[in-house]
Amino acid sequence: MKHYADYMLLLSPDEQVNAQIQQHKQYAADQIGVYESMYSKAHISVKAMTRQKAFIAEPAITSLGKNLRTLPPITLTIDGFDYFNHGEEFKTIYARLRSNHSTTQWFKILKKHLGVKEFMVPHITITRNIPVWAFEQLWPHYKAINWVESFTVNELTVLQRETFASFAIWGQFAKLPFEARHLAEPAPPRASLPPLSRNIHSGQMSLF
């Protein structure tokens, strides 16, 4: 019986997108050799939970399903590639996702349900933490690609592995579906009265 486990909460694109991501990863490997993330399946990371007491984490994750059912499936669009800087020596190339009001609100609500407070740029990693020389070799290739493709995500995938097990691998723990028909926008803030201003001529308070 596992006592401590790591969990990864993520969104998975469809198999067509996954196949193309694997092709892009293979191209990178052919050019620069082995790199971090080259064997990982295409995904959008949402939250990592490490060294959790399994008997506490598992029921908590399962109970998330009730809240996540209030979110609708989301359609995301890949629009070319971009990169992150990690200091001056390393970079990450990723497939960029278009952002608009609807996707921003959807991710905002998802993060609220999952207790994610950190800033997050939804993306699909191609090459993670590669040295600058490798980035400079690869980036002209990816920068020139005009890849626009949409896919729909219907569920949150939760992966699990034992924290202290040697050579532990990730396995599927749960899939939590998004079942709402539309995104419920948060209620607008209540209108507030303007602050009182003093009429300096009459010495009385004015509301307008």
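# Exercises on a predicted model

The axes of helix α2 (residues 54-68) and helix α3 come within 10 Å and cross at roughly 145°. The structure is a predicted model, and the exercises below treat its helices, sheets and pockets in turn.

## Exercise 1. The helix pair

Task: describe the crossing of α2 and α3, and state which residues make the contact.

Solution.

Step 1. Two packed helices are described by the angle between their axes and by the distance between those axes. For α2 and α3, the angle is roughly 145° and the axes come within 10 Å.

Step 2. The hand of the crossing is then assigned: α2 and α3 cross in the right-handed sense.

Step 3. On the side of α2, the contact is made by Leu64, Asn67 and Leu68, and on the side of α3 by Leu110, His113 and Leu114.

Step 4. Sorted by class, this contact has four nonpolar and two polar residues, with no charged residues.

## Exercise 2. The sheet that contains β3

Task: give the strand order of the open sheet that contains β3, identify its edge strands, and follow the pairings of β3.

Solution.

Step 1. Strands of a sheet pair through backbone hydrogen bonds, either parallel or antiparallel. Here four strands form an open sheet in the order β5-β4-β3-β6, with antiparallel pairing.

Step 2. β5 (123-131) and β6 each pair on one side only, and these are the edge strands. From one strand to the next, the twist averages 30°.

Step 3. On one side, β3 (residues 74-86) pairs with β6 (residues 148-153) over six bridges, in the antiparallel sense. Leucine 76 stands opposite phenylalanine 151 of β6.

Step 4. β3 also pairs with β4, again antiparallel, over seven bridges. The bridge partner of phenylalanine 84 is threonine 92 in β4, while isoleucine 78 stands opposite leucine 97 in β4.

Step 5. Helix α1 (residues 15-32) packs on this sheet and touches β3, β4, β5 and β6. The direction of α1 makes about 10° with that of β5.

Step 6. The link between β3 and β4 remains to be described. The two strands form a hairpin with three residues between them, and glycine 87 in the turn has a positive phi of about 70°.

## Exercise 3. The sheet that contains β1

Task: determine the strand order of the open sheet that contains β1, and state which helix packs on this sheet.

Solution.

Step 1. Four strands form this open sheet in the order β2-β1-β7-β8, and their pairing is antiparallel.

Step 2. The edge strands are β2 and β8, each of which pairs on one side only.

Step 3. Direction ignored, neighbouring strands of this sheet are turned by 20° against each other on average.

Step 4. Within the sheet, β7 and β8 pair over six bridges in the antiparallel sense. Threonine 157 stands opposite lysine 175 in β8.

Step 5. The helix that packs on this sheet is α2, which touches β1, β2, β7 and β8. The direction of α2 makes about 30° with that of β8.

## Exercise 4. The largest pocket

Task: characterise the largest pocket by volume, lining and class.

Solution.

Step 1. The largest pocket holds about 610 Å³ of space.

Step 2. Its lining has 26 residues, and Met8, Leu10, His43, Ser45 and Leu159 lie nearest the centre.

Step 3. The elements that give two or more residues to this lining are β1 (4-11), β2 (44-53), β7 (155-162) and β8 (171-177). β2 gives the most, with four residues.

Step 4. By class, the lining of the largest pocket has 12 nonpolar, seven polar and seven charged residues.

## Exercise 5. The second largest pocket

Task: state which elements give two or more residues to the lining of the second largest pocket, and which gives the most.

Solution.

Step 1. The volume of the second largest pocket is about 310 Å³.

Step 2. This pocket is lined by 15 residues, of which Ser99, Thr104, Phe107, Met120 and Pro122 lie nearest the centre.

Step 3. β4 (90-97) and α3 (101-114) are the elements that give two or more residues to the lining. α3 gives the most, with five residues.

Step 4. The lining of the second largest pocket has eight nonpolar, three polar and four charged residues.

Definitions and conventions
Residues are numbered from 1 along each chain as its sequence is written. This is a predicted model: local features need pLDDT of at least 70, side-chain atom pairs count only at pLDDT 80 or more; totals for chains, interfaces and linings use all residues. Side-chain values use heavy atoms; hydrogens and water are left out. On a 1 Å grid over the protein atoms alone, a cavity is a set of points where a 1.4 Å probe fits but cannot get out, and a pocket is an open set with protein on both sides within 12 Å along at least five of seven lines; lining residues have an atom within 4 Å of a point. Grid points are joined across faces, edges and corners, and a volume is the space filled by probe spheres set on the points. Ala, Val, Leu, Ile, Met, Phe, Trp, Tyr, Cys and Pro count as nonpolar, Asp, Glu, Lys and Arg as charged, and the others, Gly among them, as polar. Axes are lines fitted to C-alpha atoms, for helices over the stretch in contact, and angles run from 0 to 180 degrees between N-to-C directions. A crossing is left-handed if the near helix is turned anticlockwise from the far one by less than a right angle, and right-handed if clockwise. Contact means heavy atoms within 4.5 Å. Two strands pair if DSSP finds at least two bridges between them.
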